[in-house]
Amino acid sequence: MEMNHHKQCLDLAGVGVGPFNLSVAALIDSKTELNACFFEGRESFSWHPGLLLDNTNMQTMFLKDLVTAVDPQNPYSFLSYLVDQKKFYRFLSAELSCISRHEFSDYLAWTAHQLSNVMFSSRVENIEYTGEAFEIETNNGSYLAKNLCIGTGKVPFIPDCAKPHISDKVFHAAEMGLRDRDFTGKRVMVVGGGQSGADIFLNVLNGKWGKAKSLDWLSRRSNFQPLDEAAFTNEFFTPEYVETFLDLDPSVKQSEIDAQKLTSDGVTQAALLAIYRELYYRFDVLKEDKWVRLLPHRTVSAVDNQPGGFSIQSHNALSQQVEAHEADIIILATGFSSPYPQCLKSILPLLELDEKGRYGMTPNFELKWKGSADNKIFAVNAGMHSHGIAEPQLSLMAWRSARIINQLCQKSVFDIESDKGMIEWVTERLVTEYAKAS
Ligand SMILES: Cc1cc2nc3c(=O)[nH]c(=O)nc-3n(C[C@H](O)[C@H](O)[C@H](O)COP(=O)(O)OP(=O)(O)OC[C@H]3O[C@@H](n4cnc5c(N)ncnc54)[C@H](O)[C@@H]3O)c2cc1C
């Protein structure tokens, strides 16, 4: 596939192969004649490997897989995986309403390693625009492509006060499972009240890395808050809502996103209940000495490395006081951020950015830019500000991929016509100025 002499120009080069670009790759492979190659830096497929911990489950249903929502007969569906792996009947008997992250990750890897348009061990280092095509430099050769699809994901967010201390004692949650850990006799603090914080807290509580001396779970949120998975909330994760969202005023978009935080960033009811029951069993049934503290409403403001361990300051939003804590190990489940990918450095001046430096995006997930309209740059997981809360989630990935492919092929390869949603978000019939005045 290597094209050092630029003899062949790809129709599409994908940068990064997480689930989102993998969905584009799978649909292209099974439904089009496009000449595409998706470059992935890793040697093989892996999905947030540092957070693939024991007893961690998906927040989304397994039918929201790479392809099913737009092509239910596709060979890369989760159901095809179950049949291929000869576990279909046992899967049904297990009555899983939500599946483990291990199983979804195995399904993603099963797909990725069947696709001939995915190239591993190929990190994209730089991309230049020639005026007619993109020159893609990887650690594994150079390639030429007419269009791009950027799917490089996000990077761990580390609070400033923790940055000087990053080490095997202070690290981001994404690193959790990547090396051997021993917390025996240590004072452990988990910072962050989202799903990753909850998953790590429960594993530390259960002694996965040895019996800790103490365990603090500190969160800025006002309590350990549940994921909002109610029926009508799920309407936010439909193409119909995205279509409505696209037409909203930017300030309304932002207030909608802020108001919907717990629809994607809360902790599943199942995980919260598992934690609550474990705490009840240990401290109210077995009457263990209290070695665990739950500390919501706190924002970490300072971390100091002292001879006896780390001293941590946090601001308590309830008492309005600055509190003091101590720990030997600090795990930062503080989320992810989206810097511009390094490989886009030379293209960046050609992109249209808004006043906050965010990508200008068309409804079809194309970045608005100054290059030729014949050369398109698509991006996945990059437009929450423009497309709404579903953008960083798996729920609509197949639909988004189909929309990208339809746009690329300039025809309706997939039928993605929206139907009327359950909720009428905006009513077309308006009160006229005249009627308002009367
Ligand atoms: C622990 C965890 C669990 C989650 N669970 C759910 C869930 O249950 N339901 C849900 O809806 N959402 C979930 N999400 C949110 C979201 O679905 C995932 O983060 C998802 O992995 C995002 O996919 P992605 O393809 O954008 O990025 P990633 O999965 O981060 O993949 C990006 C890939 O790009 C590669 N890459 C980066 N730069 C380059 C480069 N220059 N060249 C080549 N390759 C490169 C990386 O190696 C990586 O493999 C979860 C997120 C996390 C962190």
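Me: Why does the pair formed by a backbone N or O atom of Phe-20 and an oxygen atom of the ligand count as a polar contact?
Reply: The two atoms lie 3.1 Å apart. A polar contact is a pair of N or O atoms within 3.5 Å, so the Phe-20 pair qualifies. This is a predicted model, where local features need pLDDT of at least 70, side-chain atom pairs need 80 or more, and totals for chains, interfaces and linings use all residues. Residues are numbered from 1 along each chain as its sequence is written, and side-chain values use heavy atoms, without hydrogens or water.

Me: Which other atoms lie 3.1 Å or 2.7 Å from an oxygen atom of the ligand?
Reply: An N or O atom in the side chain of Arg-42 is 3.1 Å away. A backbone N or O atom of Leu-394 lies at 2.7 Å. The protein covers 89% of the 990 Å² of accessible area (Shrake-Rupley method, 1.4 Å probe) that the ligand has on its own.

Me: Which residues are closest to the ligand?
Reply: Glu-40, Trp-47, His-48, Gln-59 and Leu-394, out of 27 that surround the ligand (a heavy atom within 4 Å). The shell has 11 nonpolar, 12 polar and four charged residues.

Me: Why is H6 called oblique to H7?
Reply: Helix H6 (residues 239-246) and helix H7 (residues 250-259) pack at about 140°, with axes 10 Å apart. Under 35 degrees is roughly parallel, over 145 roughly antiparallel, 65 to 115 roughly perpendicular, and the rest oblique. The angle fits none of the named ranges, so H6 is oblique to H7. Tyr-241, Phe-245 and Leu-246 of H6 meet Lys-253, Glu-256 and Ile-257 of H7. That contact has four nonpolar, no polar and two charged residues.

Me: What does Asn-139 touch, not counting residues up to four places away in sequence?
Reply: Ser-121, Ser-122, Arg-123 and Glu-125 (heavy atoms within 4.5 Å). A polar atom of the Asn-139 side chain lies 2.7 Å from the backbone nitrogen of Arg-123. Asn-139 sits in the loop between strand E5 (134-138) and strand E6 (141-150).

Notes. Axes fitted to C-alpha atoms, helices over the stretch in contact; angles between N-to-C directions. Helix = DSSP H or I, 4+ residues; strand = E, 2+ residues; numbered from the N terminus. Nonpolar A, V, L, I, M, F, W, Y, C, P; charged D, E, K, R; others polar. Polar contact = N/O pair within 3.5 Å; in protein donor to acceptor, adjacent residues only side chain to side chain.
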